[in-house]
Amino acid sequence: MFEKIVSFSLNNRVAVVFFAVVVLATGFFSFRRLTIEAFPDPTDTQVNVITLFDGQPTEEVERQIGLPLERALNGTPNMTRLRNLSMFGLSMVTLTFRDGTDGLWARQQVLERLREAELPEGVTPELGPYATPIGEVYRYTLQGAKGDPMKLRTLQDWVVRPNIMRVNGIADVVSYGGLQRVIQIEPRPQSLASFGLTLQDLQDAVQRGSQNASGGVMERGSEQFVIRSEGLFKSFDDIRNVGVAERDGTPIFVKDVATVTESWAARQGVVSEGANTDAVEGIVLMRRGENPSVVLDRLKDQLVNINKQLADEGAKVDAFYDRRELVDATLETVGHNLIEGALLVLLVLFVFLLDLRAAVIVCTLIPLSLAVAFIYLEQRGMSANLLSMGAVDFGVIVDGGVVIIEAILASLALTDHNPGPQQDRIRKAASAVVRPTVFALLIIIAAYVPIFMLERVEGRIFSPMANTVAAALVGALLFSVTLVPALASFAYSGPFHHRESPVLTFAQRIYLPTLRASLKRPWLVLGIASALLAGTVVVGSKLGSEFLPELNEGALYMTFTLPSNVSLSEGRRLAPKLSALIRAQPQVESVLSQLGRPEDGTDATLTSNLEFFVKLKPASQWPKETPELGDVIEALHDSIDEVPGLEVNFSQPIRDNVNESISGQFGQIAVKLYGDDLVKLQQQAERVKTVISSVPGVADLGIVKSGEVPQLQVEPDRVALARYGMTLGDFQQVFQTAVGGRPVDEYWEGERRFDVVLRLPRVERDEVEKLRKLRVAVQGGVTVPLEALAHISTGVGRASINRENGRRYIGIRMNVRDRDLGSFVDDARARVEKEAPCQAGQRIEWGGEFENKERAMNRLMQVVPVALLLTLLLLFKAFDSFPRAVLTLLNVPFALTGGVFGLWLADMPLSVAAAVGFIALIGQASLNGVLVTSAIAEKLRDGMNLEHAIIEGARDRLRPVLMTAALAALGLVPAAMSRAMGSETQRPLAVVIVFGTISACVLTLVLLPVMYREYAKRFEKRA
């Protein structure tokens, strides 16, 4: 069949060339439409349910919001995990769904079940934005307006955010920092009492005093008038002149019993940038599945219009973070590596063939295979990213073309032995090697099967890579057997003069004596190979393990965990000092800090959470003392040691969001202690933390979102309330309105709406003793102090309460430095089990990146045998001999030795990326084995004796084996040596393939012939 394809291509060579041009053009347009990302989105399908419960302590949020939502959402179809976080005034429930679950379908399921939740009146849960945890593509701050935080926040809420939300592909814009403007009515309790009024009377009057009404329509002549009565608040005087009551014919207005002022809502978070300690920030979230480059282009066009609108207000949008910078930097890294790899491939081809025409013919496979990959990805709706494009080894791509063109050149050079027309000789030469070539490429493609079978995070990271490489290999296979012979027939239509490459001559001069000597001492060769294999096992066991190398995103995320009882004001005093220390480092370009959380609750953090987004300068501008990202982290860690007693976690923007989405907390390793008693859990967490702190390699160790906060507890006295004619409900409403504040109406300025809030003046409620003496109006026109109606005491409560799958837990987070992840966890887990065992009713789990690594490695252990079995079947089909197939496959474990020693020399642990490299090596080693074994078998069929057939067959395949090995290795040398941004995830894979291909080549040329002879002497003669 394959021979017929070659003949068809040569008979229709113009059509084949035209088809190639069409594929190339289609691939180009597909690439233009392709989604380009810096890094594949590894996160699960998740739905966040955000519920604001203003002013309520953590325990009440859990009892009245968290638990009812948990009960309603349990059993949601396809849900695998439910996390429930309660903190002051906010509940965040996160549902994680199985792989492949459609995000919009999941949101619909959640919405349907939310109707069943029994929640307090007036509380409405909302779904978080339809974005992934890595959907943050742009950050900006508002500048100008004389730095007025209230004016800037108003512009953000009513000008900037609405305009950005109109951009197609934007899921949400999170507003952070500044002051949210409100119109505050501050009642005077004595004045209310003097008129015999209560706070409820004032609230009712304000709510009745702002209404519009419609009078229908009126016709006058040929015209029709719409009749409307406008009664909404349009000025402060409208509010002041609202009538509250009437006494002896004299009206009592709001201004008689209260003061109307401009104020701001209670702050939940503060943003600082540089010297500006009260900035306003916007965080743009991209809708799930969108192309970040396209969305950012639309966004920037819209920002031009927004800045024109803001110019009249003396403000502007100033970009701080742009995901496009990371995308461009990583694409530049990939582009350089691919171009350098392609040039090396062309150079190797020319050096071995000494024929520029042949080199160019083979190199045409590179753009064509990429075009096929782009077409496939675009049709599948998949993205191209750093890992998927960086894993394309041009050397492997052209392997099939190399074998075919080498056979054609060898045939053309032997004119005397191959008489006949040039095209017939090309057909005959290509047909002779097309079968092993096709099966060799199919084996390489089959080697990627385990990658397709990875699950969850690791599956989403490597699936685009496997799809890209497999599609490119299919394209290379197609054009190797069709286009290469067709182009060769055009290029070699005239006389052909072959020049033997001096490199090949030199290689043969060394190889043939080595092969003869090896055949004379087979057990010595087998012994050395076995020793190498044993050494590989020993070295491999000492490599250590990790999930993935850390991608340099060009920015750092520093998260400081302050004491849980720290106030927002105290945190604001600390932020500028830390910011100055960070900005003083020469690697730092700019710093943005966030304290607390945004008011919409989309980022559920405590007021004790202080985060710094640190933009770094290009690595070329870093001092020589800090060439790597790890060195920069160490320098920053040393600089902040001036402020003692702080817990800090170093991460990066994308990595931080991914870790938090996976485990519910940041840090490479997440330890969770499950139980019911939070006091005992806290004590156990402290013990576990103390034990882990002594394990070598631990960094950024801390307990997550936990601890106690002081509370002022007000317990109503039912007897006293009855004495003063006040119900418990009336008291609670008065207390919440007076102290916490309550929105009672709306105030409009054009299209801008602001809450009208009823609340006592700050000076009457900013201290405990003032609160005790707070005057409350009761029946009879008198006021009594709050302490006469309730018992007031101080106590403690929880800063937050975390739940997962129905149980409370406390988390411990940590990173690992100067040590591999796997051995650290093994060491830490053993110490914790010995020195801090869990108490009755408690359970401990280790998760985070470690969990991903364990799951990925276990999965590979299960599916790699499937790939090996598939490879064995293809080898059997190629040879029509099961023993020869087994013999070729036995070469694979010996060929992997180079990859292991390559990791050891490069001081890299075994990661999932490196494991993917080993999988790719299975195909490369099998390719070389197929070439050598098929050549020996062909010589045997021609009547040669075994010894002569082995030597001649191996000699005939020396050039293609050396070429394919050199091409596969050199094609990824740029990626293996690169230190540019984004190269970290490529490097382990490239190192494994480069070193592994070298060892595979040597062992295939020496060990495989020896094993073949020993096998043939013992079994084929008997057969």
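**A cavity, an open sheet and a covered strand**

Helix 24, which spans residues 653-663, supplies the largest share of the lining of the largest cavity, namely 5 residues. This cavity belongs to a predicted model, in which the count of cavities of 30 Å³ or more comes to 8, and the volume of the largest is about 880 Å³. Its lining is made up of 42 residues, and those closest to the centre of the cavity are N48, M92, T602, D603 and N657. Sorted by character, the lining of the largest cavity divides into 17 nonpolar, 13 polar and 12 charged residues.

From the cavity we turn to the strands. Strands of a sheet pair through backbone hydrogen bonds, and the pairing can be either parallel or antiparallel.

One sheet in this model is open and consists of 4 strands, which follow one another in the order 13-8-26-25 with mixed pairing. At its edges are strand 13, covering 258-264, and strand 25, covering 742-749, each of which pairs on one side only. From one strand to the next, the twist of this sheet averages 30 degrees. Within the sheet, strand 8 (residues 181-187) and strand 26 (residues 752-758) run parallel and are joined by 3 bridges; in this pairing, Q184 has V757 of strand 26 standing opposite. Helix 7, formed by residues 199-208, lies across strand 8, strand 13, strand 25 and strand 26, and the helix runs at about 30 degrees to strand 25.

A further set of pairings can be followed around strand 31, which comprises residues 807-816 and is mostly covered, since 8 of its 10 residues are buried, where buried means a relative accessible area under 20%. Strand 22, made up of residues 669-675, pairs with strand 31 in the antiparallel sense over 7 bridges, and in strand 31 the residue opposite V671 is I812. Strand 23 (residues 698-704) also runs antiparallel to strand 31, to which 5 bridges join it, and here G702 has R813 as its bridge partner.

Strand 30, which covers residues 800-804, is likewise antiparallel to strand 31, and 3 bridges join the two. In this pairing E804 stands opposite R807 of strand 31. Strand 30 and strand 31 form a hairpin with 2 residues between the strands, and in that hairpin N805 takes a positive phi near 50 degrees.

How values were computed:
Residues numbered from 1 in each chain as written. Predicted model: local features only at pLDDT ≥ 70, side-chain atom pairs only at ≥ 80, totals over all residues. Heavy atoms only, no water. Pairing = 2+ DSSP bridges. Axes fitted to C-alpha atoms, helices over the stretch in contact; angles between N-to-C directions. Contact = heavy atoms within 4.5 Å. 1 Å grid on protein atoms, 1.4 Å probe; cavity = no way out; pocket = protein on both sides within 12 Å on 5 of 7 lines; lining within 4 Å. Points joined across faces, edges and corners; volume = space filled by probe spheres on them. Nonpolar A, V, L, I, M, F, W, Y, C, P; charged D, E, K, R; others polar. Buried < 20%, exposed > 50% of the residue type's maximum accessible area, 1.4 Å probe, protein only.
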